[in-house]
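This briefing covers selected strands, helices and one loop residue of the structure shown below. Points are grouped by topic.

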Amino acid sequence: MSHPCVVTLDSRSAPRVLFSGDQLVEVDLPTGSRVIYPKPPLEPLKDVDAAIRYAINHPHNSEPLYAKLRPGMKVTIAVDDISLPLPPMRRPDIRERVLTIVLDLLSDYGVDDVEIIIATSVHRRMKDWEVRHIVGDRIFNAYWPKKLYNHDAENLANMKYIGTTDVGEEVELNKRAVDSDLVIYVNLNLVPMDGGHKSVSVGLCGYRSLRAHHNPRVMRDCYSYMDPKSSALHTSVERMGRLANKKLNVFTIETTINNRMFDRPLEFLAKNEDDLSAGEKSALRALRFTLSKVPQPARQAIFQRVPSPYGVTGVFAGETEAVHEHTLKRSFDQYLVPVTGQADILITGIPYISPYNVNSFLNPLLVQVMANGYMFNLYRGAPMLKKGGTMIILHPCTDLFDNEHHAPYIEFVHRLLPETRDAMELHKRYEKKFSENPAYIEMYRFGHAYHPTHPFFMWYWGEAGRQHIGRMIVVGADNEYIPQLLGWETARTMDEALRMAKQSAPPTPEIMALHSPPIFMADMTA
């Protein structure tokens, strides 16, 4: 008996509606195809503020937060950046609620040397209005920009080397955090890959530390990014995090949210198409019609204008590893859908948003990371796709980049990828040069561009998928050049893509489609 979120299509099944960037495409899939849907959102906590207070007063494997405080001490609070949740959360963001309670507690105990750092690592600097959305007006007005600011991994005077792990990984972190009496990390856990030791040892580090695990060798050794136990990336981060926690006094606060990505007018987008009411069917038709008629920026605005009504499902505090165990369990409770039997052909839409294009366009390199990196990796246990199988994605693959956010991506895609798609070659020949490019570093430090090494990391992030997937076919590309550059085949329609895929599949292929977003993970048994 399969799980209710695993739907096997029959001759009466309605067409499925999948994202293709910021459009919605109707596809008829063959009878017998399985479609995996997200679980319904978990019930949110009734009193979030009470849960925060309880967590910091009854922490895991640690004394309560108040017992760590004394007048005159130096405290640094680090918070996750805009890369999660996706899309941004309706105000008040859970980070604002945690910060409000923590800052009041610090004030009660006479702690006034407090700075709040947005733990961006090598992500782009957040803009003032984006920071305000996360921390709220009161905290923003009191702390920005002197005591609330973006981490700067290229301000080398503000980075401090703290040691090397027993396998040679160098740990260099934000100097303010290292020199503090206490570091409080406020995390919003969107997927099982977030949080834990990744918070401090990645969020507050720079290129010197990142290169230890953000490289093709380590990424190829990840069985699933979303299952920490089988990820070499996670193992490396854990070693570095343990070293960091030996040198720093870290108090971790992690929060989990449900998967209620769409608010009422668009809630039906998470549902099985066969279960839609007459009203929802006409709303879906109207939405598809509107999206097909309006220009791209307006399409994106339709989805991004409404922040997501996520509900908070858990708050856990204390020692990093003890906390993260509880966070992972709650995260898996929301996301894991049990599925038996891998697919020969795996189909997924690629939506308009990723962790790296909030408030900008999903460029071709990020389409690649969504396909090979995120959608392929949404599993625990066995991969959803058999080794050498075919993945079919829907996306226009438009050759468009945000000049402000993604400047280094443009050169990576248009100058480096035509030379080689080999991640090891790119790593050896070009990464160091990019990491030292003064113009790109200037744009990262004083503008809002991603660090010059970030496009390399985005390519490596797709490495485990590229090594496993036999063929990638993209449906609906508006040009031939980008898919070719990425090593992908193109098809005009889903029917054409399926005909192509069947040429290299068994006589009766197992076909599986992912109905995401919202997020889910397959708990796969081969």
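In which sense do strand β16 and β17 pair, and over how many bridges? Strand β16 (residues 385-394) and β17 pair in the parallel sense, over five bridges. The model is a predicted one. The points below start with β17, then turn to an open sheet, a helix pair and a buried threonine.

**Strand β17 and its partners**

- In the pairing of β16 with β17, T390 is the residue that stands opposite R471 of β17.
- β17 is also joined to strand β18 (residues 489-491) by three bridges, and these two strands run parallel.
- Within that second pairing, I473 has E489 of β18 as its bridge partner.
- The link between the two strands includes helix α20 (residues 481-486): β17, α20 and β18 make a right-handed β-α-β unit.
- In a regular strand, side chains alternate between the two faces of the sheet.
- Strand β17 spans residues 471-475, and five of its five residues are buried.
- Both faces of β17 are covered: R471, I473 and V475 are buried on one side, and M472 and V474 are buried on the other.

**The sheet β13-β20-β15**

- Three strands, in the order β13-β20-β15, form an open sheet with parallel pairing.
- β13 (336-340) and β15 (379-381) are the edge strands, each pairing on one side only.
- From one strand to the next, the twist averages 30°.
- Strand β20 (residues 521-525) and β15 run parallel and are joined by three bridges.
- R380 stands opposite D523 of β20.
- Helix α12 (residues 320-335) packs on this sheet and touches β13, β15 and β20.
- The direction of α12 makes about 60° with that of β13.

**Helices α1 and α2**

- Helix α1 (residues 48-57) packs against helix α2 (residues 94-108) at an angle of about 50°, and their axes are 10 Å apart.
- Because of that angle, α1 counts as oblique to α2.
- The crossing of α1 and α2 is right-handed.
- On the α1 side, the contact is made by V48, D49, I52, R53 and I56.
- On the α2 side, the contact residues are I94, R97, V98, I101 and L105.

**Residue T453**

- T453 lies in the loop between α17 (438-446) and α18 (454-461).
- Is T453 buried or exposed? T453 counts as buried because its relative accessibility is 0%, and the cut-off for buried is under 20%.
- Apart from neighbours within four places in sequence, T453 is in contact with Y207, E431 and S435.

Definitions and conventions. Residues numbered from 1 in each chain as written. Predicted model: local features only at pLDDT ≥ 70, side-chain atom pairs only at ≥ 80, totals over all residues. Heavy atoms only, no water. Buried < 20%, exposed > 50% of the residue type's maximum accessible area, 1.4 Å probe, protein only. Helix = DSSP H or I, 4+ residues; strand = E, 2+ residues; numbered from the N terminus. Pairing = 2+ DSSP bridges. Right-handed = clockwise from strand over helix to strand, strands pointing away. Contact = heavy atoms within 4.5 Å. Axes fitted to C-alpha atoms, helices over the stretch in contact; angles between N-to-C directions. Parallel < 35°, antiparallel > 145°, perpendicular 65-115°, else oblique. Left-handed = near helix turned anticlockwise from the far one by under 90°.
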